[in-house]
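Biologist: I'd like a close look at one part of this model. Pick a single strand and walk me through what surrounds it.

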Amino acid sequence: LPMDGQGSVVIVVPASLKLNWLKECKVWRSDYTPVVVMGSSAKKKNTEHIGRFRMPKQGEIVIVNYEQLPAYLKLKPTSDKMELIKELTIIVDECHLTKSSKAQRTIRTRNLTWYAKQSWGLSGTPLLNRAIDLWGVLTTFSLQTKVFGSFDNFIELMGGDRNGYGGRIQWHFGEVDPSVPGLMQRAMLRR
């Protein structure tokens with residue numbers, strides 16, 4: 001993030017983590033003013049809470065859960081929204097929740113991350129159940145081709161093949177190519 005509160009930040013998190021993020025932002029980034037989207041009733045109780053999502057002002061961090069991202073993000077942003085989004089830094093906590101390309105939370109999150117100045121995805125488990133979930137998470141941050149080159153290459157390296165009518169993918173568990181961990185370093189940091 002730019003120093004001295006010179007940026008605008010949106011942090012997308014599961015609802016249960018919003019107040020943790022508020023606390024951590026105050027500790028680690030006192031040069032920014034964090035606000036949490038909590039709904040209209042919570043807003044009355046605390047000045048750090050706002051009723052509904054809005055784009056952050058310069059020097060502000062807006063913390064919002066996936067379900068509170070606005071409906072207008074279901075579509076590619078309009079030019080006026082695009083002007084605001086392209087200056088943002090987006091942080092997506094528990095980004096493995098964006099694995100399904102058809103889920104509303106994924107679509108809305110992608111319409112922020114794809115057009116923002118920079119975006120960061122945080123997850124301890126980027127691959128939950130199925131190999132295809134990883135492709136979905138990487139796509140949220142436009143990293144899928146940087147890591148794997150193409151979808152067909154992803155299928156091959158992750159132990160899958162197209163067979164049967166309609167090119168259905170058959171996954172062979174335990175047959176991941178040994179090069180995959182190295183490829184993932186193009187997009188991941190492990191601590």
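Modeller: What follows is a tour of strand E1 and its surroundings.

A quick heads-up first: the model is predicted, so to speak of local features I need pLDDT of at least 70, and side-chain atom pairs count only at pLDDT 80 or more, whereas totals for chains, interfaces and linings use all residues. Numbering runs from 1 along each chain as its sequence is written, and side-chain values use heavy atoms, with hydrogens and water left out.

Strand E1 spans residues 8-13, and 6 of its 6 residues are buried. Strands (E, at least two residues) and helices (H or I, at least four) are DSSP runs, numbered from the N terminus. Buried means under 20% relative accessible area, with exposed over 50% and partly exposed in between, using a 1.4 Å probe and protein chains only.

How do the side chains split? Side chains in a regular strand alternate between the two faces of the sheet. In E1, Ser-8, Val-10 and Val-12 point one way, while Val-9, Ile-11 and Val-13 point the other way, and both sets are buried.

Now the neighbours in the sheet. Two strands pair if DSSP finds at least two bridges between them. E1 does this with strand E4 (residues 60-65), in the parallel sense over 6 bridges, and there Val-10 stands opposite Val-62. E1 also pairs with E5, again parallel, over 5 bridges; Val-12 faces Val-92 on that side.

Follow E5 (88-93) out of the sheet and you get to a loop that leads to helix H4 (104-113), with Glu-94 in that loop. Most residues other than glycine have a negative phi. Glu-94 isn't a glycine, yet its phi is positive, about 55°. Glu-94 has 26% relative accessibility, so it counts as partly exposed.

H4 brings us back to E1. The helix is mostly covered, with 7 of its 10 residues buried: Thr-106, Arg-108, Thr-109, Arg-110, Asn-111, Leu-112 and Thr-113. E1 is one of the elements covering those buried residues, and others include E5, helix H3 (79-85), strand E6 (118-122) and H5; contact here means heavy atoms within 4.5 Å.

So, in short, E1 pairs with E4 and with E5, and E1 helps cover the buried residues of H4.
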